[in-house]
Amino acid sequence: MIILEEVLRRYDSSVSLPYWDSTLDFDMATDPSQSIIWTSQFLGNGQGTVTTGPFARWPGGQSRLLTRGVINNRRGRLISKQNIANVLTRCRTGDVSSPPSIGDSVIEAHHNGPHNFVGGSSGDMSFLQTATYDPVFFMHHAFVDYIWELFRQRQRTVCNINPTIDYPANVNLHEADRRMWGRNLSEYRNIDGYADFWTENWYRYEPAPSCSRQNPNGCGSQYLECDLTRYVCVSRTRSAASPAPRRRKRAVIHPLAVAEDIEDISINIQYYPLQNTYSVDGEPDSRNWVYFPVQVVNMRLSDYTYACYPYYEGEYQKANDIYFSPLGAYIYNFSKPGTPKEFSKCMKYPSGAFPVYVQSNGINYYGAYTDYAIVDSRLPLTSSMIYIGVRKPPSDGVWNRPCSGAIRLTQTLPKMFKSSITDAVVYTWKLGDQLEYSGEISMVFTCLYDENWPWHMAKRL
Ligand SMILES: [Cu+2]
């Protein structure tokens with residue numbers, strides 16, 4: 001959220017990310033799908049392809065335009081004031097987060113409702129992999145963050161708990177010391193997000209609108225009204241639409257210079273295949289690219305035990321994990337004992353499986369190609385083939401400049417490349433009655449975990 005806000009502020013330094021207090025819609029006397037926010041003056045239409053408002057015809061995540069399913073939606077449930085009150089009965093972060101908890105006091109559970117309310121059965125907001133295409137995602141999440149901040153304040157003032165260190169235990173894959181996802185966030189550990197630094201220096205939340213018997217006009221917007229039976233602010237319906245901003249602002253109080261290193265925001269999760277640009281010297285054309293096989297070899301870390309154990313005699317035997325065997329340990333003759341080398345920029349992957357990125361950079365052309373291999377450190381040895389693109393060598397191309405660390409491709413036989421990825425895959429296999437490896441591999445990378453360099457498995461084999 002901070003990164004988005006900071007990037008927006010490069011374009012308009014007055015921008016603050018608004019939060020969508022969906023309790024205002026939950027409390028409406030009529031169907032909340034009739035809320036004024038689903039008009040062109042606010043978020044645009046709520047049903048079908050978004051064609052009105054500021055996000056009209058924005059791209060969605062499913063090879064189509066941004067799509068919603070608000071109207072007649074029975075799947076989702078907006079956040080209610082009772083939901084928030086339930087969260088604010090608790091004192092420990094572990095009571096309001098999932099994992100480890102479930103139930104009425106868990107922020108995560110209440111957070112799910114608006115996703116489904118906006119997305120319906122097939123809209124972008126309903127799916128983890130497409131929700132961020134809808135800008136309402138960020139407004140919803142800013143509100144979730146606001147609830148968390150209310151909880152933190154309660155921890156301090158009512159519960160006498162320091163929220164910056166009250167990190168829950170048993171949070172599989174969300175451990176306090178685990179690095180955050182995202183290339184430029186990996187400098188931070190998860191628990192760093194609990195620091196007061198953020199709310200002290202970067203942002204604060206305007207209080208949600210409220211009204212009372214004494215102050216029935218307290219909602220503070222012409223697009224809200226005070227429900228005089230319950231004294232809560234509620235959204236007006238679409239019939240009240242007219243131009244002017246309504247939603248509460250999340251105000252940035254410290255216009256910090258934008259950190260240079262948030263320039264390249266990307267997530268290290270392999271959900272979609274990588275899209276390369278196929279550009280050579282500025283001209284994109286995938287027909288000018290060929291592919292050659294690259295093998296990535298990874299050895300198990302000799303001093304690491306993965307959290308999956310053999311079971312016998314009535315309990316898990318935790319001396320070694322299920323993948324360990326003395327024969328497997330033979331492979332460590334080719335590795336070295338000791339704690340694996342860690343690099344500050346590299347993610348930890350406690351599951352054992354992780355991606356290894358391989359990129360080709362042209363030396364005599366301007367162009368790059370990236371793909372990744374998945375290897376698995378639980379196994380004694382994994383070998384994974386990937387197929388990396390490079391510019392197709394010109395038929396008369398002769399390039400004789402000696403250069404170490406580079407691979408030279410020419411059109412002379414044997415060619416080590418194929419003109420399509422599938423052909424390159426097939427090339428690494430002998431096609432006969434049975435499939436066998438052809439051994440035609442151009443390049444092998446071996447993953448090292450050692451600080452000493454250079455060292456290569458080939459020296460020992
Ligand atoms: Cu979400």
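Biologist: By about how much are Glu149 and Arg152 separated in helix 6?

Modeller: Good place to start! This is a predicted model, in which local features need pLDDT of at least 70 and side-chain atom pairs count only at pLDDT 80 or more, while totals for chains, interfaces and linings use all residues. Residues are numbered from 1 along each chain as its sequence is written, and side-chain values use heavy atoms, with hydrogens and water left out. Because Glu149 and Arg152 are three residues apart in helix 6, their separation is about one helical turn.

Biologist: What is the N to O distance where the side chains of Glu149 and Arg152 meet?

Modeller: Both of these residues are buried, a label for under 20% relative accessible area, with exposed meaning over 50% and partly exposed in between (1.4 Å probe, protein chains only). Their side chains form a salt bridge, defined as a side-chain nitrogen of Lys or Arg within 4 Å of a carboxyl oxygen of Asp or Glu. From N to O, the distance is 3.1 Å.

Biologist: With which residue does Arg152 form a salt bridge whose closest N and O atoms are 2.8 Å apart?

Modeller: Arg152 has a relative accessible area of 4%, so it is buried. The partner at 2.8 Å lies in the loop between helix 6 and helix 7, so the salt bridge ties together parts that are 44 residues apart in sequence. That partner is Asp196.

Biologist: Is Asp196 buried or exposed? And which residues do salt bridges that share partners join into one network?

Modeller: Asp196 has 17% relative accessibility, so it counts as buried. Elsewhere, salt bridges with shared partners join four residues into one network: Asp27, Lys81, Asp227 and Arg230.

Biologist: How many salt bridges does the structure hold, and how many residues apart are Arg92 and Asp166?

Modeller: The structure holds 13 salt bridges. One of them joins Arg92 to Asp166, with the closest N and O atoms 2.7 Å apart. This pair links distant parts of the chain, as Arg92 is in the loop between helix 3 and helix 4 (93–96) and Asp166 is in the loop between helix 6 and helix 7, a sequence separation of 74 residues.

Biologist: Which of that pair counts as buried, Arg92 or Asp166?

Modeller: Arg92 has a relative accessible area of 44%, so it is partly exposed. At 7% relative accessibility, the buried partner is Asp166.

Biologist: Which residues are the protein donors of the copper ion?

Modeller: Donors here are N, O and S atoms within 2.8 Å of the metal (3.2 Å for Na, K and Ca); water is not among the atoms, so sites may look incomplete. Along the chain, the copper donors follow the spacing H-x3-H-x25-H. His115 lies in helix 5 (residues 107–119) and His141 in helix 6 (residues 136–157), so the pair ties together parts 26 residues apart in sequence. Each donating through NE2 at 1.9 to 2.0 Å from the ion, the donors are His111, His115 and His141.

Biologist: Which residues does the UniProt annotation "domain: Tyrosinase copper-binding" cover?

Modeller: UniProt positions are given in the numbering used here, feature names are shortened, and annotations may be inferred rather than shown by experiment. The span is 83% helix and 0% strand, and its end C-alpha atoms lie 18 Å apart. According to that unreviewed entry, the annotation covers residues 134–145.

Biologist: Which residue stands opposite Tyr357 in strand 13?

Modeller: Strands are DSSP runs (E, at least two residues) and helices are runs of H or I, at least four residues, numbered from the N terminus; two strands pair if DSSP finds at least two bridges between them. Strand 12 (residues 353–361) and strand 13 (residues 368–376) pair in the antiparallel sense over nine bridges, and a hairpin through six residues joins them. Val356 has Ala373 as its bridge partner, while opposite Tyr357 stands Tyr372.

Biologist: Which element supplies the largest share of the nonpolar patch?

Modeller: Patches are made of residues with over 30% relative accessible area and no salt bridge, joining like charges within 9 Å and nonpolar side chains (Val, Leu, Ile, Met, Phe, Trp, Tyr) within 5 Å; areas come from the Shrake-Rupley method with a 1.4 Å probe, and for residues only the protein chains shown count as cover. This patch of about 630 Å² includes Trp429 and Tyr437. Helix 9 (421–427), strand 15 (429–431) and strand 16 (435–437) each supply at least two residues. The largest share, three residues, comes from helix 9.

Biologist: What is the approximate phi of Asn160?

Modeller: Asn160 lies in the loop between helix 6 and helix 7 (197–201), and its relative accessible area is 72%, so it is exposed. Most residues other than glycine have a negative phi. Asn160 is not a glycine, yet its phi is positive, at about 60°.
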